[in-house]
Structure formats: C-alpha cells, structure tokens
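Student: I should like to go through the labels attached to this structure and ask what each of them rests on. Could we set the values against the criteria, one at a time?

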Amino acid sequence: MSAVIVDAEVVVTCPGRNYVTLVVTTSDGRTGLGDATLNGRELAVVAMLQEHLVPLLIGRDPSAIEDTWQYLYRGAYWRRGPVSMAAIAAIDVALWDLKAQSAGMPLYQLLGGASRTGIRAYGHATGRTTPELIDSISQRVAEGFTAVRVQTGVPGLRRVYGITAADADAAESYEPAAALDRPDEEDWDTAAYLRHIPQVFAAVRERFGDELALLHDAHHRLTPSEAVRLGRSLEPFDLFWLEDPTPGENQAAFRLIRQGTTVPIATGEVFTTVWDYRTLVEEQLIDYVRSAVTHTGGITPMRKLLDYAAHFQIKSAIHGPSDISPVGMAAALHLDFAIHNFGIQEYMPHPAEASRVFPAGYRFERGHFTPGDAPGLGVTFDRAAAAEYPYRRAYLPVARLRDGTMHDW
Ligand code: KDG
Ligand code: MG
C-alpha cells in the first residue's frame, strides 16, 4: 500500500521573529516542511491549519499534490485571501518537499531542472541620511551584491518605511515588525518624499556609477499621478524597478502609471492569486511579479502564475523578506532556478537565531544563490532549537499623515 499522510503539525517559533512551520509526516516515516508565516497575523493561519485543513490531510495520498491543492482551494467555497492562501501554501510546499525527497532529487529537478547557474539576488540598503545610505550600499557591494534596494529617510519625517528606528543599527536591521502591544507609528508626507528621492538617487548614481542595479520600494504610498511624477523624476537614474507605487487592489490604476513613465514596475507582494494580476499581466502593465510562494498558495499556483506572466514578457521577483522563513525561501529558490522568466530574487537576511532552527542547504555567494543538491527543499527543522524561542505577539507599523490621518503603510 502506498504511504498516506498520518500527521501534520503546526509549530510557531520566534527565533528573532515569528515563523509558522508545517511539518507533514507520512506513514512511511518521511517528513516535509512548509512555511505558513503571515507577518503580524501568524496565529490566524495557525487556526486555519489546525482547525480546518490539517484534519482533511490525514489519510490523504501525499503524492497527489495538484488534487490536494484543488481540494483545499475549490473545496472551501471561500476562496483566496492571505490566511487561506498561506495555509494552503504551507501544505503544497510540504508535499513538494516530500515528493522531491522520494525522488531523491532537489526540488528544482522536478520543476524542470536548472535554467541558470546562479540566482541573482538584491540586497537592502537603508540610511536616515544620504551619507549613512551610501555606507549601507557600500556594505552590500562589498558583500558581492550587484543589485541593491535603496530606501532613505526623508527630511522632516521621524520614521518612514524601510528605515530603522533612530536607536537601532541603521545599516543592518530592516525588520519592520515589532513585538509591541500596538503597531508602531510612522509618519508620512508625500510632497516631502517626492522632493527628496530624486536627489538621493542622483547622489547614489554619482557615487556608484552606472552598473549597480538600483531598486526602490514606494510601499503602496502614492496615487497614480504621484507615481508618474516619481517615475519620471527617477528615469535619469535608470532604476531596475520602482516597487508598489500605488496600492494594488485597483489594477486599472497601473494603466495611468504605465502611460506616464518608462520606469519598470514591480508589484504583488500582497497578492494571493493569479486573479489579482489578470489586468496587470494581460495589459503588460508591470514588469515583475512580486508574489511570495508562502502567500500565494505554494509552488503549484506560483508556477502557473509565472508561466502565464512569461507569455507577456513579465519576469519573476519572488518576495523574500525576513518574514518568509528559510523554508519559504528555499521553495522560492528552487522555483527561481527552474523557470525561464526569472528576474531577480529578494534577499533580506534572517535573524541569526533562525539559522539554528532551520539549517538550510542553499548557498549565497557573490550576489547569487544556488538552491543546493540535497533531496527535497534542502532545509531541516530543529524542533529542540525552535522550542527555545516561544511566540511573541508582533505587529507591522502603521503610517499617519502629519495631521494624524491614517495612510497606507
Ligand atoms: O511583511 C511585510 C514585509 O514583508 C514588507 O514590508 C517587505 O515590502 C517589503 C519588501 O519589498 O520586502
Ligand atoms: Mg515591498
């Protein structure tokens, strides 16, 4: 008789930040890992898994990945949404991990094999002032990165997206979630931001020359016309992309941005299905798909989404912040390695304690990753180490305008 799923355990651990991990066990004693971390809403996914999805897995054939995905997605009646899609993603990735382990192959081989020799990654640079930012970029370049996301403080604003608090180590900590009882508050002034950013990119290009790829994340803060103004003002500095210029719920807004500026556009880190991209892809309104494997239902739908995007000359840029665990990162890297339309991979290092909990076989060298050749995802989970780091409630910040009005964070 072929193996069946006998257990699926959900483990929450906080090695420097919270992670939700699914461990699926089969009747022949194999285990597969999935990442179900949803930053600031972790326990909602835990409940979705423990109360609703794990009971449906027991006794199922672990090799029937597509059928299980459809069973959980269509079978719920209530489709989409980040809590459901993160829960389904963890199951899907764990089943791919099991299948590749059974085949004795690294997962990328099951996805079609290597399409490249290395996965180009971008690092993060941040500074409250331009000299501090230049130092931060220099560190990334010294580490071997050929592409860097550049975020900067804005004069007159206490705290903005991507910039650490004044008392933190500005160069090294990008983690926005904080273990506080209430979300931290950042301030925002679009006019001040739009005035300041072009000067910063001028200084960065001047210092680092033409070759270094520069990226910037507007983090959903702008209207379409403000995004056009920003895009145009940054055209002389040849950005690799401008990310999340405007909130993505209204896909049609991107038509205005596309008509107004030639700056390449990346979006989708908060999207959860292919439907969130339909207008963007079919009308070629974006250049990069930013979805995370962890938040978009796993490897199964991500492969379909990226293949669909490929037909419209749109490339991958899988979300890789520190709130995607090393399990989710490994899943992204195997997909990056196999697909044709790979663009770039985000890399925000995990807290040091996380590498104790999730020993991973992927390697980072001279700005590029390789996923490793261990069978499956190539990540293990040290439960004893995980138990040393209990869950801590944490929230992402919120943003307010100068008069106190809530704004998009
Ligand atoms: O959980 C939210 C973070 O992952 C997000 O703010 C990071 O925008 C982000 C990025 O581009 O990595
Ligand atoms: Mg982003």
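**Salt bridges, burial and a metal site**

Tutor: Let us begin with Glu143 and Arg140, whose side chains meet in a salt bridge, with N and O 2.9 Å apart. The model is a predicted one.

Student: Why is the contact between Glu143 and Arg140 called a salt bridge?

Tutor: The criterion asks for a side-chain nitrogen of Lys or Arg within 4 Å of a carboxyl oxygen of Asp or Glu. Arg140 and Glu143 have N and O at 2.9 Å, so the pair qualifies under the 4 Å limit. Both residues belong to helix α5 (residues 130-143), where they stand 3 residues apart, about one turn of the helix. By this rule the count comes to 22 salt bridges.

Student: How do you know whether Arg140 is buried or exposed?

Tutor: Buried means under 20% relative accessible area. Arg140 has 3% and is therefore buried. Glu143, at 38%, is partly exposed, because that label covers values between the 20% and 50% limits.

Student: What makes Arg60 and Asp67 a salt bridge, and how is each residue classed for accessibility?

Tutor: The closest N and O atoms of Arg60 and Asp67 are 2.9 Å apart, which satisfies the 4 Å criterion. Arg60 has a relative accessibility of 17% and so counts as buried, whereas Asp67, with 48%, counts as partly exposed.

Student: Which parts of the chain does the pair Asp184 and Arg159 link?

Tutor: The side chains of Asp184 and Arg159 form a salt bridge at 2.3 Å, N to O. This pair links distant parts of the chain: both residues are in the loop between β5 (147-152) and β6 (185-188), 25 residues apart. Asp184 is partly exposed at 25% relative accessibility, and Arg159 is buried at 14%. Through salt bridges with shared partners, Arg159, Asp184, Glu186 and Arg221 are joined into one network.

Student: What makes Asp217, Glu243 and Glu269 donors to the magnesium ion (ligand 2)?

Tutor: A donor atom is N, O or S within 2.8 Å of such a metal. Asp217 (OD), Glu243 (OE) and Glu269 (OE) coordinate the magnesium ion (ligand 2) at 2.0 to 2.2 Å, so they meet that cut-off. Their spacing in sequence is D-x25-E-x25-E. Asp217 lies in strand β7 (residues 213-217) and Glu243 in strand β8 (residues 241-243), so this pair ties together parts 26 residues apart in sequence. Asp217 and Glu243 are both buried.

Notes: Residues numbered from 1 in each chain as written. Chains lettered and ligands numbered in written order. Predicted model: local features only at pLDDT ≥ 70, side-chain atom pairs only at ≥ 80, totals over all residues. Heavy atoms only, no water. Buried < 20%, exposed > 50% of the residue type's maximum accessible area, 1.4 Å probe, protein only. Helix = DSSP H or I, 4+ residues; strand = E, 2+ residues; numbered from the N terminus. Donors = N, O, S within 2.8 Å, 3.2 Å for Na, K, Ca; no water.
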